[in-house]
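Trainee: I'm new to this structure, so could we go through it together? I'll ask, and you show me how you reason.

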Amino acid sequence: MRDILISDFGGVLTTPLQEGFLAYQEESGVSLEELGKAMGLATEEHGDHPLFVLERGEITESEFRDRIEVHLDDDFDLARLRSLYFERLDPNRQMIDFIFHLRTRGVRAALLTNNVREWEPLWRAKLPEIDELFELVVDSAFVGLRKPDPAIYELTLERLGGASPGQCVFVDDLDVNCETARSLGMAAVRFVDAGQAIPEIESALAGE
């Protein structure tokens, strides 16, 4: 029987992440396609994807903006994008309540998130009970690693007191992150919605 849940934050414990980006596209006229192309050009220029570098805490939010806006015809208002992103991000109470329920049953829980250093107060404010819900929070921007790098999963296990992958159920909304978890020996649940994920997590915890 597995006794540790390792959960993603955005898109699992919150509503889907794309809503804020779509709102910014509608308001600013800067399409997601244009943003993606600008990030691709910034990757060629600097040798690594700007979002990945940002989420590893290697550049600041303002440096991230500078790398992208030089490749856009229109101004890139990152402050406005951030504002819309968090305005559209709501807690997924069904999943949060489920994890609280697991904790009452003795299941340990850790949060493993790719995030932005400057955004920590904002995302934590969406889940004020986070330190009650999780015994451990591993934030990519503060450890210099990000999913799907196996090293951040291994760091999480180490910080859980040397837990083994076989003790863990990992849940994330991205396939690539789940694939790494499985390759390390964890059970993994690709989150689509709470109605699908909760019974799959329960089965995985039971070792089924």
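Trainee: Let's start with one residue. Is Arg-80 buried or exposed, or in between, and what is its relative accessible area?

Mentor: Keep in mind that this is a predicted model. Buried would mean under 20% relative accessible area and exposed over 50%. Arg-80 falls in between, so it counts as partly exposed, with a relative accessible area of 27%.

Trainee: Which residue does Arg-80 form a salt bridge with, at 3.8 Å between the closest N and O atoms?

Mentor: A salt bridge needs a side-chain nitrogen of Lys or Arg within 4 Å of a carboxyl oxygen of Asp or Glu. The partner here is partly exposed, because its relative accessibility is 45%. With the closest N and O atoms 3.8 Å apart, Arg-80 pairs with Glu-87.

Trainee: How many salt bridges are there in total?

Mentor: The pair of Arg-80 and Glu-87 is one example. Counting by that rule across the model, the total is 18.

Trainee: Which parts of the chain does the salt bridge between Asp-8 and Lys-147 tie together, and how many residues apart are they in sequence?

Mentor: The closest N and O atoms of Asp-8 and Lys-147 are 2.9 Å apart. Asp-8 sits in the loop between β1 (4-7) and α1 (18-28), and Lys-147 in the loop between α9 (140-143) and α10 (150-159), so the bridge ties together parts separated in sequence by 139 residues.

Trainee: Are Asp-8 and Lys-147 buried or exposed?

Mentor: The cut-off for the inside is under 20% relative accessible area. Both Asp-8 and Lys-147 count as buried.

Trainee: What kind of peptide bond joins Lys-147 and Pro-148?

Mentor: Pro-148 is in the loop between α9 and α10. The omega angle of the bond from Lys-147 to Pro-148 is about 10°, and the bond is cis.

Trainee: Which residue does Arg-108 form a salt bridge with, at 2.8 Å?

Mentor: Arg-108 is partly exposed, since its relative accessibility is 26%. Its partner is also partly exposed, at 39%. The closest N and O atoms are 2.8 Å apart, and the partner is Glu-135.

Trainee: Where is Asp-77 found?

Mentor: Asp-77 is partly exposed, because its relative accessible area is 40%. Together with Glu-33, Glu-34, Asp-73, Asp-74 and Asp-75, Asp-77 gathers in a patch of negative charge on the surface. Along the chain, Asp-77 is in the loop between α4 (61-69) and α5 (78-87).

Trainee: And Leu-54, is that one buried or exposed?

Mentor: Leu-54 has its place in helix α3 (residues 50-55). Its relative accessible area is 3%, so Leu-54 is buried.

Trainee: How far apart in space are Leu-54 and Glu-19?

Mentor: In sequence, 35 residues separate Leu-54 and Glu-19. From C-alpha to C-alpha, the distance in space is 21 Å.

Trainee: Let's zoom out. What radius of gyration does the protein have, and what would a compact globule have?

Mentor: The protein has 12 helices and 5 strands, and its C-alpha trace spans about 55 × 30 × 25 Å along the principal axes. A compact globule with 208 residues would have a radius of gyration near 17 Å, so the protein agrees with that at 18 Å.

Trainee: Last one: what percentage of the residues is buried?

Mentor: Leu-54, Asp-8 and Lys-147 are among the buried ones. Out of the 208 residues in the protein, the buried share is 47%.

Key:
Residues are numbered from 1 along each chain as its sequence is written. This is a predicted model: local features need pLDDT of at least 70, side-chain atom pairs count only at pLDDT 80 or more; totals for chains, interfaces and linings use all residues. Side-chain values use heavy atoms; hydrogens and water are left out. Patches are made of residues with over 30% relative accessible area and no salt bridge: like charges are joined within 9 Å, nonpolar side chains (Val, Leu, Ile, Met, Phe, Trp, Tyr) within 5 Å. Accessible areas come from the Shrake-Rupley method with a 1.4 Å probe; for residues, only the protein chains shown count as cover. Lys and Arg count as positive and Asp and Glu as negative; His and the chain ends are not counted. The place of a charge is taken as NZ of Lys, CZ of Arg, CG of Asp or CD of Glu. Helices (H or I, at least four residues) and strands (E, at least two) are DSSP runs, numbered from the N terminus. Buried means under 20% relative accessible area, exposed over 50%, partly exposed in between (1.4 Å probe, protein chains only). The radius of gyration is taken over C-alpha atoms; the globule rule is 2.2 Å times the number of residues to the power 0.38.
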